Amino acid sequence: MKLTLTQTHWITAIVSTVVLIPPVWLLSCGGKVGIAPMAWLFSGRAFADRSLMIGGALDQPSLHKEFFILCYSLLVLCPFIAVVRWIAGRSWNRVWRVFAFASLLLLVHPISILTIFAYDVSRYILRMGVTPMRLVGMALALVAYAALFLFAAWVSGFHRKKT
């Protein structure tokens, strides 16, 4: 049985939707780690003067916890987004645009966490002075920004051939 073009688009749309359900569900049920960092960033509370804890304890707000949440977010979201890119990338433009937009919306979460992390590291450097490890933290944030924006460009099909 040969599938028609319309059937293939519907199958692509359904499979892409199913693949995006787990990361959306994880973000919505994540509590303080899910949607909260985005709300915290866009409301401006992330830029308020607050205490900054340094250390490996994950039960308190700290730079280590922000970095851990960033890595976890990337580990959970990026494989799902890459699968959707692979599936929807073979489809026609309308399906492609919808799922590229949905995938880019999911990338707002790690970008929000990374922005909070970079702000906190820079604030820590301004208050406590420059050390090699603090510079490594800033370099890590810049590399993570570059990697995320390159991934976003790949997801959005920046170099995609016109069909």
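## A walk around helix 6 and its neighbours

Start by selecting helix 6 and colouring its buried residues: Arg134, Gly137, Ala141, Ala144, Leu148, Phe151, Ala152 and Val155. Keep in mind as you click around that you are looking at a predicted model.

Why would buried positions in a helix come in steps like these? An α-helix has 3.6 residues a turn, so residues three or four places apart point the same way.

Now show the rest of the chain around helix 6. What covers those buried residues? The cover includes helix 3, helix 4 and helix 5. Next, draw a line from the first C-alpha of helix 6 to the last: its 24 residues reach 34 Å, close to the 34 Å expected at 1.5 Å a residue.

**Zoom out**

Show the whole chain as a cartoon. You should find 6 helices and 0 strands, so to speak an α-α-α-α-α-α pattern when you read along the sequence. Of the 163 residues, 36% count as buried. Look at who touches whom, too: among contacts with a separation of 6 or more, 77% are between residues 24 or more positions apart. Switch on the surface, and you have about 10,200 Å² of accessible area, 74% of it belonging to carbon and sulfur atoms.

**Into the core**

Hide the surface again and select Ile81, Phe99, Leu106, Leu107, Leu114, Phe117 and Phe151. In the largest nonpolar core, which has 31 residues, these touch the most other members. Helices 1 (5-28), 3 (63-88), 4 (93-106), 5 (108-128) and 6 (132-155) each give two or more residues to this core. Which helix gives the most? That is helix 3, with 9 residues.

Pick Leu114 and show what surrounds it. Setting aside residues up to four places away in sequence, Leu114 touches Leu70, Ala141, Ala144, Tyr145 and Leu148. You coloured some of those at the start: Ala141, Ala144 and Leu148 are among the buried residues of helix 6.

**Last stop: a buried arginine**

Go to helix 3 and select Arg85. Does Arg85 sit buried or exposed? Arg85 is buried, yet has no salt bridge. Try finding the nearest side chain of opposite charge: that is Glu66, and it is 30 Å away. Instead, show the contacts of Arg85 beyond four places in sequence, and you get Trp96, Trp154, Val155 and Gly157. Val155 is another of the buried residues of helix 6. Finish by clicking Gly157, just after helix 6, where the backbone takes a positive phi of about 70°.

Definitions and conventions:
Residues are numbered from 1 along each chain as its sequence is written. This is a predicted model: local features need pLDDT of at least 70, side-chain atom pairs count only at pLDDT 80 or more; totals for chains, interfaces and linings use all residues. Side-chain values use heavy atoms; hydrogens and water are left out. Helices (H or I, at least four residues) and strands (E, at least two) are DSSP runs, numbered from the N terminus. Buried means under 20% relative accessible area, exposed over 50%, partly exposed in between (1.4 Å probe, protein chains only). Contact means heavy atoms within 4.5 Å. Accessible areas come from the Shrake-Rupley method with a 1.4 Å probe; for residues, only the protein chains shown count as cover. A nonpolar core is a set of buried Ala, Val, Leu, Ile, Met, Phe, Trp, Tyr and Cys residues joined through side-chain atoms within 4.5 Å. The expected span of a helix is 1.5 Å times one less than its number of residues. Lys and Arg count as positive and Asp and Glu as negative; His and the chain ends are not counted. A salt bridge is a side-chain nitrogen of Lys or Arg within 4 Å of a carboxyl oxygen of Asp or Glu.
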